[in-house]
Amino acid sequence: MSPKRRVRSPVVLFFACLVTAHGYSDLEYYRSYQNCRVRGRPLVEEHDISDLDIVHVVFAADPSYYVGLMASLLSLAKHLLSPEKCVVHVIAAATELQRVRELMTCVRRDLVDFEYTPQPKIVLHAMRPPPRNSPFASFFMDSPFTYVRYHIADYLPSEKRALWIDTDVILHADVAPLYRMRMDHPAAFPGSPRAFTWHHFYATFNPKPGSQFESLFYNTSKPPLNPGIMLIDLSYWRSGSVARSLEKWTLRFNG
């Protein structure tokens, strides 16, 4: 049997152009990722990719993120080696779908101007709030994209995988190899930069000794996961247990 083809991971490459709004941390982010290309690790392709031929990418945005959405989507399309095999799903409030549709027209026009053809297919989805009797209903009002991220399987009911990308992510590589990587868990994430360990978040949100965090994070020197780019095994996610567990933890720690 021939060895699996190994490819360079865009999970690491995209961080070279990560745009952050954390002010004081910009320099720390840059220092953490300036050598990311050197530290990039190869990916191993899934054994059977016959049902992963089409790459499904998911964005979610409201008006405050439209500029970032457009930039991120353009960077995605620019680096796709087979754009005709990519479907971009954009989730927005039902009242914003017309504006998002107009924005996607601008994206397509820019791609034509830069001679990026063919283009990926773009599908719009109306955001679905949680049931009114859900404990998550009140939290959804403040953090709707958190709930959307947990329930991507509801928007893509028949797809095997989805690649979630935040609107502040600029990609520098084709995401198809990432989408088709071998997965052993329900989701895959990049790590946060070295400047932000669990200790950083522990000290920021709950610095008192003996807090509920201490029993959970036994090694606060490890970096937390960065959900800005997230590969999801939707086949596993549809069981519902993952989303329910994430909702429980989110409510427990208030986000």
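1. A good place to start is the overall burial: 45% of the chain's 255 residues count as buried, where buried means under 20% relative accessible area, exposed over 50% and partly exposed in between (1.4 Å probe, protein chains only). Please keep in mind that this is a predicted model, in which local features need pLDDT of at least 70 and side-chain atom pairs count only at pLDDT 80 or more, while totals for chains, interfaces and linings use all residues. Residues are numbered from 1 along each chain as its sequence is written, and side-chain values use heavy atoms, with hydrogens and water left out.

2. On the fold as a whole, the secondary structure comes to twelve helices and eight strands; helices (H or I, at least four residues) and strands (E, at least two) are DSSP runs, numbered from the N terminus. Among contacts in the chain with a separation of 6 or more, 79% are between residues 24 or more positions apart, a contact being heavy atoms within 4.5 Å.

3. Next, the interior. The largest nonpolar core has 36 residues, and Val57, Met104 and Leu163 are those with the most contacts inside it. The term stands for a set of buried Ala, Val, Leu, Ile, Met, Phe, Trp, Tyr and Cys residues joined through side-chain atoms within 4.5 Å. Two or more residues of this core come from each of β3 (55–60), α4 (66–79), β4 (86–92), α5 (97–113), β6, α9 and β8 (229–233). Another core lies apart from it, with 19 residues, among them Val58, Ala60, Leu234 and Trp237.

4. Met104 deserves a look of its own. Leaving aside neighbours within four places in sequence, Met104 is in contact with Leu69, Leu73, Val90, Ile122 and Leu124. Two of the names there, Leu69 and Leu73, also appear among the buried residues of α4.

5. Helix α4 has 14 residues and reaches 20 Å from its first C-alpha to its last, close to the 20 Å expected at 1.5 Å a residue; the expected span is 1.5 Å times one less than the number of residues. Its buried residues are Tyr66, Leu69, Met70, Ser72, Leu73, Ser75, Leu76 and Ala77. The cover over them includes β3, β4, α5, β5 (121–126) and β6.

6. Which residues does Arg99 touch, not counting those up to four places away in sequence? They are Pro63 and Tyr66. Arg99 sits in helix α5, and its C-alpha is 9.6 Å from that of Tyr66, with their positions 33 residues apart in sequence. Arg99 counts as partly exposed because its relative accessibility is 44%. Arg99 also forms a salt bridge with Glu96, with the closest N and O atoms 3.5 Å apart. Glu96, at 15% relative accessibility, counts as buried.

7. How many salt bridges does a search of the whole structure find? There are five, taking a salt bridge as a side-chain nitrogen of Lys or Arg within 4 Å of a carboxyl oxygen of Asp or Glu. One of them joins the side chains of Arg161 and Glu46 (2.5 Å, N to O). That pair links distant parts of the chain, 115 residues apart: Arg161 is in strand β6 and Glu46 in the loop between β2 (42–44) and β3. Both Arg161 and Glu46 are buried.

8. A further salt bridge pairs Lys160 with Asp51, the closest N and O atoms being 3.5 Å apart. Lys160 lies in the loop between α8 (152–155) and β6 and Asp51 in the loop between β2 and β3, so the pair ties together parts that are 109 residues apart in sequence. Lys160 counts as partly exposed at 28% relative accessibility, and Asp51 counts as partly exposed at 45%.

9. Now to His56, in strand β3. His56 is buried, with a relative accessible area of 7%. Its side chain makes a polar contact with the side chain of Glu159 at 3.0 Å. A polar contact is a pair of N or O atoms within 3.5 Å; within protein, one must be able to donate a hydrogen and the other to accept it, and residues adjacent in sequence count only if both atoms are side-chain atoms. Not counting residues up to four places away in sequence, His56 touches Val87, His89, Leu156, Glu159, Arg161, Ala162, Leu163 and Tyr179.

10. Finally, Asp174 is worth a second glance. Asp174 is in the loop between β6 (161–165) and α9 (176–179). Asp174 is buried yet has no salt bridge, and the nearest side chain of opposite charge, Arg180, is 6.1 Å away. Here Lys and Arg count as positive and Asp and Glu as negative, while His and the chain ends are not counted. The side chain of Asp174 does reach the backbone nitrogen of Ala176, at 3.2 Å.
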